[in-house]
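User: Please take a close look at a single part of this model, beginning with how its strands pair. A connected account is requested, one that then places that part in the context of the whole chain.

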Amino acid sequence: METKSKSEPVMGSAAVENTNSGFHFRTPADIKDFGAGTSEQAEMDSLWSANLDGFTQQGMLSNRWNTSNTPPTTNYYNPVQNNPASTVIPVNWSAFPGRLAYNYPTATQSQLNEMADTGAMSAVMKNPADISNNPCGTATEEVPYFPYGPRGWQDEYCEWAVTRNSAGKITRIDFTCENPEYWNSLWMVNPDRVVQLYQQILNKPQITIQDLSLPNAANPVTGGPVYNPLNKWNSGTVSNSTQGGAIHLTSTPNTLQTEIGLATAATVQRNNRETGNTFWPSSQFNDLLCYAQYGQRDRNSDPNIGGNVNQVVNGASVGGPKVVTLADPPGLYIQMPDFSNYQTPDGTPASKFWRIVRGSETLNDQSGAKLPGNFILHAVFEVPDNYPYTVEDIKISGQNIAWGSQVAATFKMQIVASAYDATSQPQGYDAVGDLSPSYAQPLQFFYKDYFEAMYNTAVPNPVNHPIPLLSNSTYVPSVLFRSANNLQMVLTCDTRNVTPGDASTYPTVSFDDTNITAVVNDVKEVSYAVPGNSQPSTYKALYLTVNVGLATAIGPRAVFVTNKGQDKGTPMPALFNVAPTIVRANIKWQNTGVNVTAGTPVAITYQSGLWTANPEFKNLYDAAGNPLNIKAKPGYTLPGANEGALVGRVGGEVFLVGMGARVPGGLSGALELCINDDLNGIYGAGFTDNIGSITVAIHIG
């Protein structure tokens with residue numbers, strides 16, 4: 001497939017919610033990055049709500065594969081399925097990385113501030129600064145401070161980057177709590193909009209699509225660029241004119257899917273041997289976290305979030321047991337700083353220099369009631385150029401601001417829980433244990449080229465611990481078209497029963513729709529941090545050939561991995577989406593996922609939809625093309641055929657499809673489809689102003 005230099009939309013709207021309540025999740029802080037009422041915003045809203053529906057299904061399932069005492073959650077609800085009246089409860093924690101003080105109890109506050117900004121633990125402490133690899137149990141070794149990554153240690157769901165002038169003084173600090181799943185989804189709808197937002201948020205017009213793209217990877221549908229979550233403008237804590245900035249979270253545990261998983265796991269009540277019941281006081285929140293095996297202990301965030309959610313479900317302090325969820329819109333939100341201890345050189349209120357770039361100070365729920373707290377996604381602390389001083393000349397509690405972490409220590413982070421009364425007290429369970437025998441746990445499902453590009457890209461980090469970029473992937477599902485065949489995919493899974501290179505040990509991979517099939521071709525051992533985890537671990541990567549039948553059900557699909565000698569276990573829901581083959585008017589040569597083999601008949605049939613290759617022609621039309629029968633000029637997809645008609649290509653040979661056609665005999669290769677229009681913009685805007693899309697069915701055999 002050719003790699004196109006220009007970005008193009010990525011078929012992101014294939015996700016389908018199985019909604020019973022009529023409810024749809026809103027985007028974080030109800031932000032409208034494409035503009036309310038636009039078709040792209042509608043696509044983004046649908047995609048985002050479907051993603052959150054899938055994340056919620058995954059979290060509510062719990063770990064049924066390799067742990068005991070982890071039942072499916074009963075006191076967490078998915079509002080897509082059931083959305084009763086509820087009460088909201090805010091949960092807050094400090095944005096300053098809490099694990100620093102726990103792991104380095106002799107460090108001064110100045111040293112903690114520096115470590116929070118630089119991640120250079122050993123340099124600051126003047127000695128080796130390794131820590132236990134098992135904070136909840138007995139350490140098997142001392143390891144460099146984790147999580148790893150260019151901002152990995154900023155693990156309270158808030159990260160920042162600092163800009164300094166030529167004299168080394170701080171002039172600007174960018175704070176973000178935006179989740180990476182949202183930005184991956186934005187890219188799926190329109191990469192060009194992502195570039196524009198980067199430019200606007202960071203005030204860096206020099207940012208390009210190439211800067212944000214993953215090298216050695218192309219979108220499997222469009223051939224366009226793939227998003228690199230650790231691109232040079234969203235990496236590290238130093239921001240200048242050539243690199244750096246904080247657009248969204250990058251520390252491996254700082255994801256929204258993780259937060260949903262933590263909240264769902266925390267609803268399971270645990271038997272407390274000290275209290276003799278299932279109530280855990282705040283002094284035991286770290287113990288509860290280890291007992292239930294969710295999150296990372298000694299953070300300000302995870303023990304506090306999990307403990308508070310657990311207490312709400314328990315009901316001892318809130319008037320009876322509850323069923324909870326994350327209030328809409330689910331997200332992690334920065335709160336307004338406490339400026340009472342700030343002192344500026346001229347007495348100007350420091351709050352004047354705090355600017356909300358994304359999100360809002362207040363937000364209402366979908367019924368119009370005001371939600372508690374602030375819904376800030378990105379904020380900047382910056383003194384304008386017309387003042388005779390910089391951020392570094394401002395003091396907090398008598399100390400000049402030398403580090404961004406000093407500002408972070410003055411504000412809280414927040415999630416909002418939503419709860420309604422339960423009908424009974426939930427059952428209590430003992431500590432999470434190891435399941436024997438264990439089953440193969442499906443983890444993530446990737447296109448092979450994307451997987452290898454991400455896995456083979458090393459992530460720089462201050463402690464130089466090996467970790468691949470795959471650790472910054474997300475659970476945003478891949479899209480596979482109906483009729484796609486011979487797709488090369490990779491499924492990562494957690495299993496001890498498979499030996500790489502020994503095909504007799506390979507598991508079977510199946511799906512919740514028998515129209516999808518997979519063959520395991522190879523197995524490799526890989527080490528990465530599955531999104532949400534603080535440290536890399538070893539997993540198996542199953543290299544698959546996947547076929548998607550034309551009759552496959554549209555929407556999110558679940559994956560089973562079954563070890564040799566075991567019965568089929570529990571599937572992981574929503575690992576990928578199946579979509580009808582949609583051909584967009586503004587995409588050149590879209591790959592259908594169908595690989596044509598000479599001698600095997602392939603037929604393409606128009607199903608629905610309208611489009612146009614000329615927006616000046618007021619009426620959209622179907623795959624037959626312009627009803628005025630305008631012959632396409634030289635330089636069009638298929639010169640001489642009707643403008644706007646559906647055209648196909650296999651192995652370099654172009655042919656007319658229109659309302660339906662068979663692929664000419666003797667051809668082999670990828671089947672691509674395209675509207676008949678000015679490919680290179682010789683006569684005007686080319687594909688950029690085209691409107692609409694059509695859906696086709698592809699019959700093989």
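**Strand pairing and its setting**

Analyst: Strand β11 pairs with strand β14 (residues 395-396) in the antiparallel sense, over two bridges. At the level of residues, Tyr342 has Ile396 of β14 as its bridge partner. The model is a predicted one, and this pairing belongs to an open sheet of three strands, in the order β11-β14-β15, with antiparallel pairing. The edges are held by β11 (342-343) and β15 (399-400); each has a single partner strand, so one side of each lacks a neighbour in the sheet. In general, the strands of a sheet pair through backbone hydrogen bonds, in either a parallel or an antiparallel arrangement.

Another set of pairings centres on strand β24. Strand β21 (residues 487-494) is antiparallel to β24 and is joined to it by seven bridges; there, Met489 has Leu544 of β24 as its bridge partner. Strand β23 (residues 516-528) also pairs with β24 in the antiparallel sense, over 12 bridges, and Thr517 is matched with Asn547 of β24. Of the 12 residues of β24 (residues 537-548), nine are buried, so this strand is largely enclosed by the rest of the structure.

Burial also marks helix α1, in which 17 of the 23 residues are buried, leaving the helix mostly covered. Its geometry can be checked: at 1.5 Å a residue, the 23 residues of α1 (residues 39-61) should span 33 Å, and the end C-alpha atoms are 33 Å apart, which agrees. Just after α1, Ser62 adopts a positive phi of about 70 degrees.

The surface offers a contrasting view. Leu610, Leu620 and Ile691 make a nonpolar patch of about 240 Å². Of these, Leu620 lies in the loop between β29 (602-612) and β30 (646-650). Its relative accessibility is 37%, and because the partly exposed class runs from 20% to 50%, Leu620 counts as partly exposed.

These parts belong to a chain with 11 helices and 34 strands. The radius of gyration of the chain is 26 Å, close to the 27 Å that the globule rule gives for 701 residues, so the chain is as compact as a globular protein of that length. Its C-alpha trace spans about 75 × 70 × 50 Å along the principal axes. Buried residues account for 59% of the 701 residues in the chain.

Terms used:
Residues are numbered from 1 along each chain as its sequence is written. This is a predicted model: local features need pLDDT of at least 70, side-chain atom pairs count only at pLDDT 80 or more; totals for chains, interfaces and linings use all residues. Side-chain values use heavy atoms; hydrogens and water are left out. Patches are made of residues with over 30% relative accessible area and no salt bridge: like charges are joined within 9 Å, nonpolar side chains (Val, Leu, Ile, Met, Phe, Trp, Tyr) within 5 Å. Accessible areas come from the Shrake-Rupley method with a 1.4 Å probe; for residues, only the protein chains shown count as cover. A salt bridge is a side-chain nitrogen of Lys or Arg within 4 Å of a carboxyl oxygen of Asp or Glu. Helices (H or I, at least four residues) and strands (E, at least two) are DSSP runs, numbered from the N terminus. Buried means under 20% relative accessible area, exposed over 50%, partly exposed in between (1.4 Å probe, protein chains only). Two strands pair if DSSP finds at least two bridges between them. The expected span of a helix is 1.5 Å times one less than its number of residues. The radius of gyration is taken over C-alpha atoms; the globule rule is 2.2 Å times the number of residues to the power 0.38.
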